[in-house]
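Biologist: I have a model open on my screen and would like to learn how to read it. Could you walk me through it, feature by feature?

Modeller: Sure, let's bring it up and start with a pair of side chains.

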Amino acid sequence: MMWIAANTVLIQGTVTTFLLALSLQLPMRVGVFSFAGAGLFGVGGYTAGMAMVKFGLDTWTAVSLGVLVAAFVGALLGLVLQRLNGLYLAMATVAFDLIVAVLAGNLKDLTGGHVGLFGAAGRIELWHLGVILALVITAFVFLERGGIARRIDAVRTDPALAASLGIPVAGFRWASFVISGVVAGLGGALQVLLRTTISPENLGFHLVVLALTVVIVGGARSWIGALIGTVIFTWLPALLSVAGEWRTVVYGIIVTLAAIFFPGGIWGSIVLLRRRLSRSRRAPVPDPIRAEEVRIT
């Protein structure tokens, strides 16, 4: 209990960063190269903060409103960008993230401008975060197994073939924006009500870099990879505090080495190793009697 009390802030940051990473990971699994999760994270955060500070709503009503608004914005964004793919889609979603940060800085009456929004003190306990985390992981486990997982993989690997099999490719891609909005909005709302404040400086491209680094190093094909990457990059800066001014250099070296030696992410490499071991165990054992017959003939 003492350890939990001493590391409460890091535990809270782990949960919110994990949700941010999932908001980028799911579209990637569908084949949508979208960074909109960072902007939707800000939409959910600002909505929840304004709901509490400006309108006096309670904690969970504010969180729910942040999730709904972020999901709605994600749905609209998915409709607007449905014809874009690859680099053009990535650039458009990065532009969306920057637009969210600019609007947050200019809408002073609602967001507090560049000074920020203060006083959004939500009543969120660690067990609340545990329940939320369990529900989100359960939903992602469902999306990674069975027929739905096979459809998602088909949409990512060969959209034309998936469409010929009757899979609604456009519908899956649009749904990835909506789910991204739900998860990112939830993460943003929780972060703001835990920290009691938000400003435009908390948004922007650095969120994209953080989430993308977490997903790439941890693994882009499963929520487990996102969780591994989140734990590493949430706790690593604190552990590297002993390195002093060399902390950033050590951090960069670790990220580089992880990208070189784990090209499929840490979890992807673990899964690949397990498959190789499973194949080696299933390899047929040569029959010594049959081998002797062959040698004699």
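Modeller: Look for Arg 156 and Asp 153: their side chains meet in a salt bridge, 3.0 Å from N to O. Keep in mind that this is a predicted model.

Biologist: What is the general idea behind such a pair?

Modeller: Side chains of opposite charge can pair when their charged atoms come close.

Biologist: And how are Arg 156 and Asp 153 placed along helix H8?

Modeller: Helix H8 covers residues 146–157, and the two partners sit about one helical turn from each other because they are 3 residues apart in that helix.

Biologist: Are Arg 156 and Asp 153 buried or exposed?

Modeller: In between. Arg 156 has a relative accessible area of 22%, so it is partly exposed. Asp 153 is also partly exposed, at 30%.

Biologist: How many salt bridges does the structure hold?

Modeller: Just 1.

Biologist: Now the whole chain. Which elements is it built from, and how many of each?

Modeller: The protein chain has 15 helices and 2 strands. Its C-alpha trace spans about 90 × 55 × 35 Å along the principal axes. Of its 297 residues, 44% count as buried.

Biologist: How do I read the contacts in the protein chain by their distance in sequence?

Modeller: Take the contacts between residues at least 6 apart in sequence, then ask what share joins residues at least 24 apart; here that share is 76%. Val 30 makes a good example. It belongs to helix H2, residues 8–30, and its C-alpha lies 7.2 Å from that of Phe 172, although 142 residues separate the two along the chain.

Biologist: What else is Val 30 in contact with?

Modeller: Beyond its neighbours within four places in sequence, the contacts of Val 30 are Ile 152, Val 155, Arg 156, Phe 172, Arg 173 and Ser 176. You met Arg 156 earlier, as the salt-bridge partner of Asp 153. Val 30 counts as buried because its relative accessibility is 3%, under the 20% cut-off.

Biologist: Where is Ser 180, and what does it touch?

Modeller: Ser 180 is in helix H10, which runs over residues 169–195. Outside its neighbours within four places in sequence, Ser 180 contacts Ser 23, Pro 27, Gly 37, Leu 40 and Gly 185. Its C-alpha is 8.7 Å from that of Leu 20, which is 160 residues away along the chain. With 3% relative accessibility, Ser 180 counts as buried.

Biologist: Can we do a glycine next? Is Gly 39 buried or exposed?

Modeller: Buried, at 3% relative accessibility. Gly 39 is part of helix H3, residues 36–53, and leaving out neighbours within four places in sequence, it contacts Phe 96, Asp 97 and Val 100. Measure C-alpha to C-alpha on your screen and you'll find Gly 188 at 9.5 Å from Gly 39, with their places 149 residues apart in sequence.

Biologist: And Thr 59: which residues does it contact?

Modeller: Met 52, Gly 122, Arg 123, Ile 124 and Leu 193, again without neighbours within four places in sequence. Thr 59 is in helix H4, residues 59–80, and counts as buried at 8% relative accessibility.

Biologist: Let's turn to the surface. Which residues form the nonpolar patch?

Modeller: Trp 246, Val 249, Ile 253, Leu 257, Ile 260, Phe 261 and Phe 262, with about 730 Å² of accessible area together. Phe 261 lies in helix H13, residues 247–261, and is exposed, since its relative accessible area is 58%. For the protein chain as a whole, about 15,900 Å² is exposed, and carbon and sulfur atoms supply 69% of that.

Biologist: Which residues make up the positive patch?

Modeller: Arg 274, Arg 275, Arg 276 and Arg 279. Arg 274 sits in helix H14, residues 265–282, and counts as exposed at 52% relative accessibility. Across the protein chain there are 21 positive and 12 negative charges, and their mean positions are 4 Å apart.

Biologist: One last thing: what is special about the phi of Thr 196?

Modeller: Its phi is positive, about 70°, although Thr 196 is not a glycine. You'll find Thr 196 in strand E2, residues 196–198, where it counts as partly exposed at 30% relative accessibility.

Conventions
Residues are numbered from 1 along each chain as its sequence is written. This is a predicted model: local features need pLDDT of at least 70, side-chain atom pairs count only at pLDDT 80 or more; totals for chains, interfaces and linings use all residues. Side-chain values use heavy atoms; hydrogens and water are left out. Helices (H or I, at least four residues) and strands (E, at least two) are DSSP runs, numbered from the N terminus. Buried means under 20% relative accessible area, exposed over 50%, partly exposed in between (1.4 Å probe, protein chains only). Contact means heavy atoms within 4.5 Å. Patches are made of residues with over 30% relative accessible area and no salt bridge: like charges are joined within 9 Å, nonpolar side chains (Val, Leu, Ile, Met, Phe, Trp, Tyr) within 5 Å. Accessible areas come from the Shrake-Rupley method with a 1.4 Å probe; for residues, only the protein chains shown count as cover. A salt bridge is a side-chain nitrogen of Lys or Arg within 4 Å of a carboxyl oxygen of Asp or Glu. Lys and Arg count as positive and Asp and Glu as negative; His and the chain ends are not counted. The place of a charge is taken as NZ of Lys, CZ of Arg, CG of Asp or CD of Glu.
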